[in-house]
Amino acid sequence: MTERIEHYAGERPLFDLYHVEEEIENALQSRVNLKSGAYLVIDQTEALTTVDVNTGGFVGRRNQEETILKTNLEAAAAIARQLRLRNIGGMIIIDFIDMDNEEHKRRVQRTLEKALQNDRTRCTITQISALGLVEMTRKRTRESLRQILCEPCPYCQGRGFLKTAETLCYEILREIVRETRAYPTERFTVLASPQVVNKLLDEESTSLAALEEFIGRPIKVQAESTYTQEQYDIVFF
Ligand SMILES: [Zn+2]
């Protein structure tokens, strides 16, 4: 490889010069924008990866079939590239935009197959189904880009969602009822994130007052700025 390697002595980082930073950033996003304004949504779970093709916006009645074909063709090439960049292995399901025209379906299928030929990792692919789905597998080799560069989010444990402040308010109120039965304490202090505490003292203040009345004990609420939204403690004494 020696003769192929060139020493770069420039000042600008190579990652900037060749837009590598940008590509890595894009390859970690679930949304991939295509030039036409359409976009892909790539969703990786442990069992399988789904790729959803979306037209970005309104598709007029005129030339509707042509626009859909163009979008699916553009998507097919982009999908093959993204699977390679992200090194996604295992089962992959692609949801193209529905096409009625059989010839169009074949063209999209061929474009995808051709684009996958550039892939050194072995892929198998099914025909586009009546619902516009293509099932494919790509051999798992090493880890995916996401597994190499990322770790599950500690705030949501990788779910991608947090319980809302409202959900937490009710969880806390139910927990207090449970604690009241278990421990005959004089009062409670709730330690929670500022968002949850604000909700408890504002929109949920009547629920809080009703609960205090119900259990016959005062409930103190205290914001802990270091707590994440889902974190709370109920202290009783
Ligand atoms: Zn998260």
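In the predicted model, H19 is exposed, because only 11 other C-beta atoms lie within 10 Å of its own, where 12 or fewer is the limit for an exposed residue. H19 is found in the loop that connects α1 (14–17) with α2 (20–28). The phi angle of H19 is near 55°, a positive value in a residue that is not glycine. A second residue with a positive phi is R142, for which the angle is about 50° although R142 is not a glycine either. This residue belongs to the loop between β6 and α5 (145–149). R142 has 10 C-beta neighbours inside 10 Å and therefore counts as exposed.

The chain is divided into two parts, domain 1 (2–149) and domain 2 (165–236). Taken over C-alpha atoms, the centres of domain 1 and domain 2 are separated by 47 Å.

An open sheet of 6 strands, with mixed pairing, has the order β1-β2-β3-β4-β6-β5. The edges of this sheet are occupied by β1 (31–33) and β5 (123–125); each has a single partner strand, so one side of each is left without a neighbour in the sheet. Direction ignored, neighbouring strands of this sheet are turned by 20° against each other on average. In general, the strands of a sheet pair through backbone hydrogen bonds, in either a parallel or an antiparallel manner. The edge strand β5 runs antiparallel to β6 (residues 133–138), and 3 bridges join the two. Within this pairing, I125 has M136 of β6 as its bridge partner. Helix α3 (residues 64–86) lies across β1, β2 (39–44), β3 (48–54), β4 (90–95) and β6. With respect to β2, the helix runs at about 40°.

Helix α6 comprises 18 residues (165–182). At 1.5 Å a residue, a helix of this length should span 26 Å, and the end C-alpha atoms of α6 are 26 Å apart, which agrees with the expected value. The buried residues of α6 are A165, L168, C169, I172 and I176. Seen down the helix axis, these buried residues fall within an arc of 105°, so they line one face of α6. The face turned away from the buried side carries the exposed residues R174, V177, R178, R181 and A182. The elements that cover the buried residues of α6 include the strands β7 (188–192), β8 (219–223) and β9 (232–236), together with the helices α7 (194–201) and α8 (205–215).

The strands β7, β8 and β9 form an open sheet of 3 strands, in the order β8-β7-β9 and with mixed pairing. Its edge strands are β8 and β9, each of which pairs on one side only. From one strand to the next, the twist averages 20°. The strands β7 and β8 run parallel and are joined by 5 bridges. One of the residues involved is F188, whose bridge partner in β8 is I219. Helix α7 lies across β7, β8 and β9, and runs at about 140° to β8. Both α7 and the strands of this sheet are thus among the elements that cover the buried residues of α6.

Terms used
Residues numbered from 1 in each chain as written. Predicted model: local features only at pLDDT ≥ 70, side-chain atom pairs only at ≥ 80, totals over all residues. Pairing = 2+ DSSP bridges. Helix = DSSP H or I, 4+ residues; strand = E, 2+ residues; numbered from the N terminus. Axes fitted to C-alpha atoms, helices over the stretch in contact; angles between N-to-C directions. Contact = placed C-beta atoms within 7 Å. Domains from an automatic or database assignment. Buried ≥ 20, exposed ≤ 12 C-beta atoms within 10 Å, placed from the backbone. Expected span 1.5 Å × (residues − 1). Arc of directions from axis to C-beta.
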